[in-house]
Amino acid sequence: MNAPVSIYLTEAERAVIAERGASGTRKRVARWMAAAGRGMATLGAISLALLMALVTWDYYVTAPWTRDGRVRVQVASVAPQVSGQITELRVGDNQYVHQGDVLYVIDPFDFEVALREDKAQAQQRAADLQVKEVQSERRQRLSSLATTPEEQQTSAGAAVQAKAVFEAAQQQVAQAEINLRRTQVRSPVNGYVTNLMMRVGDFAHEGATNISVIDTDSYWIDGYFEETKLARICIGDRVEAKLMGYAQPILGHVATVTRGIGVSDAASGTQGLPNPNPVYTWVRLAQRVPVRIAIDSVPPGIPLVSGMSTTLTIEDAGAADDRPWLDRAVAEIETRLFDVLDGPPARPGCIPATTTERATPATLPVDEQKSVPTPEQINPGLAPGMSASPRNRS
């Protein structure tokens, strides 16, 4: 049997072999530790990516923000209260006007003639009333030898009838005066004339809208939030609205939340039966609920145009922002993780079950009847009394 090779090696050769064995072990350990480190790094990266994905998903689904926002405004549809040809146009398209400014003028000639005719008729009725009142008074003072109760009753009734006819004539005069004033069509609000299509010579029809004025005091924003985000929306919350093309946000607050939207399943089908739509149980799209945003401030240089698109972000009105950014970020991540596990908690008292507030009544100045003159003011001296002669009015 051959002897082991090692017995023929020198001490130096055995030391080299031992050192090589130790070096190989250290390399294997180093390779294992490097592989373990790479695995831990990969696991950490995957965990961090999963965490960020959960936070991002929760923010996208439950956070109170939306890109579906629209700038809204009230539009005053102006229609004339009398008909006639437009003889004067005092505004241009997109011109700013104040409440009460004249927009256009309708030919007043026919209304001036009608007013003069009604005034003449009122004067005639006033004279008839004055004469019949004096006649009735004279009849009442005569003795039974000069008149009869029937004649006294007839003269008194004639005076009452003349008074009623005179009062009707006065109302016709008042209506003619108001119609004449209405030939000047005025703006009911402060705002901009929009989409002006009329021109001088057009015929204005009573009650037919022919000019529109955007009420610049009535701008608001409608945000269409998914129903999954309503749990985080409260009346009074601060809102930032960013218009497309502008970096500075418009600031506002949540004013109201719409209490009803259309339901397609409620439509009647054949023979008046309900017509529910087929819905896949694993796919349910969240409905969008309109939320009205009151505008508090608009940065300089940003025009408000009805219909513009906005991105809305709602912030809790009572949230504390004085904490360091790192603490706020950690708290936000914790909130999102709890939302993923338990769902977003509803903020109590955000949207009251019933609203007791009432909107401020809006009023518009209306035409009022002027004080009507008496018959004596219309025809002075025509019937001074029973025994006096009327003054000459020629």
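**Helix packing, two sheets and selected residues**

In this predicted model, helices α2 and α3 are roughly antiparallel to each other, a description that follows because the angle between them, about 160°, lies over the 145 degrees at which that term begins to apply. Helix α2 covers residues 109-141 and helix α3 covers residues 149-181, and where they pack their axes are 8 Å apart. The crossing of α2 and α3 is left-handed. Sorted by class, the residues in the contact of α2 with α3 comprise 16 nonpolar, 11 charged and seven polar residues.

From the helices we can turn to the sheets. Strands of a sheet pair through backbone hydrogen bonds, in either a parallel or an antiparallel sense. One open sheet consists of four strands in the order β6-β5-β3-β8, and its pairing is antiparallel. Its edge strands are β6 and β8 (203-204), each of which pairs on one side only. Strand β5 (residues 102-106) has five of its five residues buried, so the rest of the structure largely encloses this strand.

The partners of β5 can be followed in either direction along the sheet order. Towards one edge, β5 is joined to strand β6 (residues 184-186) by three bridges, and these two strands run antiparallel; within this pair, V102 has R186 of β6 as its bridge partner. On the side of strand β3 (residues 84-89), three bridges again join the strands, and β3 and β5 run antiparallel. Here E88 has V105 of β5 as its bridge partner, while I86 stands opposite I106 in β5.

Another open sheet is formed by four strands in the order β2-β9-β7-β4, and there too the pairing is antiparallel. Strands β2 (75-78) and β4 (96-97) stand at the edges of this sheet with a single partner strand each, so that one side of β2 and one side of β4 are left without a neighbour in the sheet. The partner of β4 is strand β7 (residues 191-194), to which β4 is paired in the antiparallel sense over two bridges. In this pairing, V97 has G191 of β7 as its bridge partner.

Two loop residues deserve a look for their backbone geometry. N94 lies in the loop between β3 and β4, and its phi is near 65°, a positive value in a residue other than glycine. With a relative accessible area of 53%, N94 is exposed, because exposure is assigned over 50%. N195, which is found in the loop between β7 and β8, likewise has a positive phi in a residue other than glycine, in this case near 50°. At 58% relative accessibility, N195 counts as exposed.

A last stop is G252, which is found in strand β12 (residues 250-257). G252 counts as buried, at 6% relative accessibility, because that value is under the 20% limit for burial. Which residues does G252 touch, not counting those up to four places away in sequence? The contacts of G252 are with D237, R238, V239, I293, A294, I295 and D296. The C-alpha atom of G252 is also separated by 6.5 Å from that of E240, although G252 and E240 are 12 residues apart along the chain.

Definitions and conventions. Residues are numbered from 1 along each chain as its sequence is written. This is a predicted model: local features need pLDDT of at least 70, side-chain atom pairs count only at pLDDT 80 or more; totals for chains, interfaces and linings use all residues. Side-chain values use heavy atoms; hydrogens and water are left out. Axes are lines fitted to C-alpha atoms, for helices over the stretch in contact, and angles run from 0 to 180 degrees between N-to-C directions. Angles under 35 degrees count as roughly parallel, over 145 as roughly antiparallel, 65 to 115 as roughly perpendicular and the rest as oblique. A crossing is left-handed if the near helix is turned anticlockwise from the far one by less than a right angle, and right-handed if clockwise. Ala, Val, Leu, Ile, Met, Phe, Trp, Tyr, Cys and Pro count as nonpolar, Asp, Glu, Lys and Arg as charged, and the others, Gly among them, as polar. Two strands pair if DSSP finds at least two bridges between them. Buried means under 20% relative accessible area, exposed over 50%, partly exposed in between (1.4 Å probe, protein chains only). Contact means heavy atoms within 4.5 Å.
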